[in-house]
Amino acid sequence: MSFLSGADMTGGYGGADILKGCSIEVNEGEIAVIVGPNGAGKSTAMKALLGMLDLKQGEIRFRGKDISGLTPQDRIAEGIAFVPQTNNVFTSMTVFENLEMGAFLRDDDIGETVEQIYELFPILAEKKEQLAGELSGGQRQQVAVARALMSQPAVLMLDEPTAGVSPIVMDELFDRILEVRQTGVAILMVEQNARQALHIADRGFVLVIGENRHTDTGAALLADPEVRRSFLGG
Amino acid sequence: MEAVTDFTSALVLLLNFIVVPGLSYGSQLALGALGITLVFGILRFANFAHGDTMAFGTMITILVTWWLQSKGVSLGPLPTALLALPAGILLTILLLVITDKSVYRYYRQRKAVPVTFMIASMGVMFMTNGIVRFVIGPNDQRFLDGERFIVRARDFKAATGLAEGLSIKVSQGLTIVIAIILVALLFWFLQKTRTGKAMRAYSDNEDLALLSGVDPDRVVLVTWIITAILATIAGTLYGLDKSFKPFTYLQLLLPMFAAAIVGGIGNPIGAILGGYVIAFSEVIVTYAYKKVFIYLLPQSLEPEGLLQLLSTDYKFAVSFVILVLVLLVRPTGILRGKVL
Amino acid sequence: MTNTRKTQLAFAAIAVLLMIIGFAQSWNVSLGILNLCLISAVMALGVNMQWGYAGLLNVGVMGFAALGGMSAVLVSQAPIVEAWNAGWERLFIAAFCFGGTIAATVFCYRKLAPGRNRNLALTLVIVAGLSLTRVFLDPAISSIEAIEPAKTGFLGGLGLPIIFSWLVGGFVAAGIAWCIGKVALGLRADYLAIATLGISEIIIAVLKNEDWLTRGVKNVTGLSRPVPYEIDLQASDWFIDLMRWWHSGSLAAIDASAGQQALKQFVIDGSSIFVKLCYTGLFAGVLIVVLLLSVRALNSPWGRMMRAIRDNEIAAGAMGKDVTRRHLEIFVIGSAVIGIAGAMLTTLDGQFTPTSYQPLRFTFLIWVMVIVGGSGNNMGSVLGGFLIWLVWIEAEPVGVWMMQAGTGWLDESNALRLHLIENAQHMRLFFMGLVLLLVLRFSPGGILPEVVRKQKNTV
């Protein structure tokens, strides 16, 4: 049984269903990646796991418990962290304050976690007193991921973390994400850059119009000629 | 030697008629604008009821002051109103929390557009205004007691031998001191405490704050509490310095809005800066410089007119012109505030 | 219940209320209220154009109404020749300087590259220009105001029939609205609200303080009328004959000498009712014209575009509609209507008193009318104008009566009782706010909600 799973999810934002019986799961210490063409419902699937849209059917389980009825806030308190695609840092607050906000629900000492984060993202230690709004795009993404990690989540969900950053920064971000996996966190990611993402993925989901088209390990999907032809541009 | 005393006299004149009144009026505006900017930053609407919130808090303070005075309680040289302030603050908090629960919360839950909140705030303004006029009447009320002056013009003249006197009223001194303490406390709260940071985060990025586990109801509640404290104190200080009249407080809306926008709406430092910018502009533009120039210029060049740029009746025009200039040149305000 | 049915019922109810007031208090009072209802309705129509059609928040209704009032003075008062003689040269030079300053400012703004130099040049031009203007204006003002300050002390007006001022008031309000719209439209929605709040305060300040223009707080009384005077009516044979015929039934029942007395009283009462009826006719005419034009405009392609912009500015903008320009148009037109209503109000009052312009009465009350009546619905605004004015006027006596009844158990001279009765009138502000909030919450469309035309044949 998997750590966080959404089974047979169907629903949308009112109107037509965006998800049609889609299933996603991720385990501890694993990177799962959702890829697919535009409008496939990738981000929607992730938001469904977080409880940001009403599902008509389907069940979300976390640590073996049914959490379908919980609000997003409650799910965050349970140990799920989410990094939105845009507007994912507090621009008017310093890097350190962003980290503090990430740990908002914790009442223990956060010093140790902050040190771990600084080890993971050395640039943040350097810029800790700077306003997040003044950082470059890549640095901001790091702040965003770091903010989410501050709550010591069991699951980290990233919505297109590499959107709009340069290829070099993208590689660096993927390296960081691999390092985060080392700490035992389950990582679920939506990615446009399917090829690179599947390279680091332990598990990949190819969604098409709200349904699972292919599900396998990242390597296997990369090797699958049909996936290559249809979704990876040959 | 005479040139030096003349120059000093001119300086004292400016100090007496521009710097001191500007500082105290600016502090009052800054405290008022802080309330507007906080509500704007957290609840995201321009609160038209703010002037009347100030009037309400001040009214309660006045009533309690009168009661204390009738019991013979006094603070010696300081105005008794200071003792009555906590009561005014408490009831104003109550008023704002009740309005939030009964009016604004409904629209918040439905994620209504800011304009709806604004119109609702007009309704609240009407009601608060009605209550204030009903309880204390529409007329001028004075409630200042204790010592009147910190520095008297007569004493100053005697001490310095200058022809011009400097007078600082107790209410002016109090305003400046209290404003400094209050602003320091507010910034400490916003920068250092958990709730303060949650408020800043919520104002910066509501969705992300929710994702971080910030409780929106709590943030809103604290915002109203702080607004009530600021509004009551600002209103009481203004009333002590000038006088209390419900209509004046309604009219204060314009300079307060101007201060908040000029500084950069949603930005607390901007609100304070804006308050002083507006206040000093008003005072500088409406002061008659005749006497200053008499001191500074040789007798042959003495000016004929009052040398007043604008009559005091147009002080609202000053806030407005500055507001328009800022809107034209830099719509985000001096310190970048929120842009839609 | 359909809107048409509701409209009929609502207006019937108002008619009944006015009749009750007519019978219970007097027809004079009832007609007086009706006239103000008509003016309020026109004002509400203006606000409804801005808010209901376009979603623009004008919190400066008071200012535009006051501009209309000022126009009434400037159009109808006879020119004060001595004052003109005393100051006209300087006044014209001052006006020329002022115009020159504006032209130079615009020129600098357009021709110079943005930056510090331009800002410096602009500041210089404005300061120098305004100082120069003051050099001529100040002595002109003092010489004008020196001419018989107790009686006139101002320039007077054009000496035209006051009815022209309704048009002029509309144009003046439109001009100011254009200036303010140029600055504040296209920015955040609430900036327009605050800018209009500011401009209205300034307009009132100008009207209060520029004695040479409007006599300021000394007021202008005895404005000419578009309708006959009671005194003249009472002296005209046709009117006396009219009254004799109207009351022939009751006059026939009493003997001749008492009949003469009664007829005299009938003529006196009748003359003031007749004057009010004349006003009612004029105001109703304006209301109907404005209403018809509004309805036509709303249903025209232009109106459709307005609503499209209101409902989704971004989409409308993407389809090539110039949102800011359309907003400016409607803002100017709406303000003009408010200006017309302001001129009508001053005409009815027969005097111009700048201190009577209070934001709660002139801005926010009109807003209550629009919201309660139904924003976006013209008939709704008219209804709101009638209803809210009736409530506003009658709330005062009713409030006092209620307080008297409620405190009847207290002693006549009880301080609390006296206070409550004295301040009861202020409670109507409270109730207006309450009504606004209740409607906004439980029936956000108002009494007559906007009619949303459903597209036919939706798949």
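This is a chat about a predicted model, covering one chain contact, the cysteines and one leucine.

Colleague: How many residues does each chain bring to the contact between chain A and chain B?

Modeller: Chain A brings 19 residues and chain B brings 15 residues.

Colleague: And what area do chain A and chain B bury between them?

Modeller: About 1600 Å², with 57% of it on carbon and sulfur atoms. On the chain A side, A:Q73, A:F90 and A:F104 supply 36% of the area that chain A buries against chain B, which is more than any other three residues.

Colleague: How many salt bridges are there between chain A and chain B?

Modeller: The count is 2 salt bridges. One salt bridge joins the side chains of A:E97 and B:R200, at 2.7 Å from N to O.

Colleague: Which helices of chain A each supply at least two residues to the side that touches chain B?

Modeller: Helix 2 (72-78) and helix 3 (95-102) of chain A. The largest share comes from helix 3 of chain A, with 3 residues.

Colleague: What is the make-up of that side of chain A by class?

Modeller: The side of chain A that touches chain B has 10 nonpolar, 5 polar and 4 charged residues.

Colleague: And how many residue pairs are in polar contact between chain A and chain B?

Modeller: There are 8 such pairs, counting those with both residues at pLDDT 80 or more.

Colleague: Changing topic. How many disulfides are there over all chains?

Modeller: A search of the whole structure finds 0 disulfides. Take C:C37: the nearest cysteine sulfur belongs to C:C278 and is 18 Å away, and C:C37 is in no disulfide.

Colleague: Is C:C37 buried or exposed?

Modeller: Buried, because its relative accessibility is 0%. In chain A, A:C22 also has a relative accessible area of 0%, so A:C22 is buried.

Colleague: Now B:L43. Where is that residue?

Modeller: B:L43 is in helix 1 of chain B, which covers residues 2-43.

Colleague: Why does B:L43 count as buried?

Modeller: Because B:L43 has a relative accessible area of 7%, and buried means under 20%.

Colleague: Which residues is B:L43 in contact with, leaving aside neighbours within four places in sequence?

Modeller: B:L38, B:D100, B:R108, B:V220, B:T223 and B:W224.

Colleague: What separates the C-alpha atoms of B:L43 and B:F257?

Modeller: Those C-alpha atoms are separated by 16 Å, while B:L43 and B:F257 are 214 residues apart along the chain.

Technical notes: Residues numbered from 1 in each chain as written. Chains lettered and ligands numbered in written order. Predicted model: local features only at pLDDT ≥ 70, side-chain atom pairs only at ≥ 80, totals over all residues. Heavy atoms only, no water. Contact = heavy atoms within 4.5 Å. Buried area = accessible area lost by both parts, 1.4 Å probe. Salt bridge = Lys/Arg side-chain N within 4 Å of Asp/Glu carboxyl O. Polar contact = N/O pair within 3.5 Å; in protein donor to acceptor, adjacent residues only side chain to side chain. Helix = DSSP H or I, 4+ residues; strand = E, 2+ residues; numbered from the N terminus. Nonpolar A, V, L, I, M, F, W, Y, C, P; charged D, E, K, R; others polar. Disulfide = S-S within 2.5 Å. Buried < 20%, exposed > 50% of the residue type's maximum accessible area, 1.4 Å probe, protein only.
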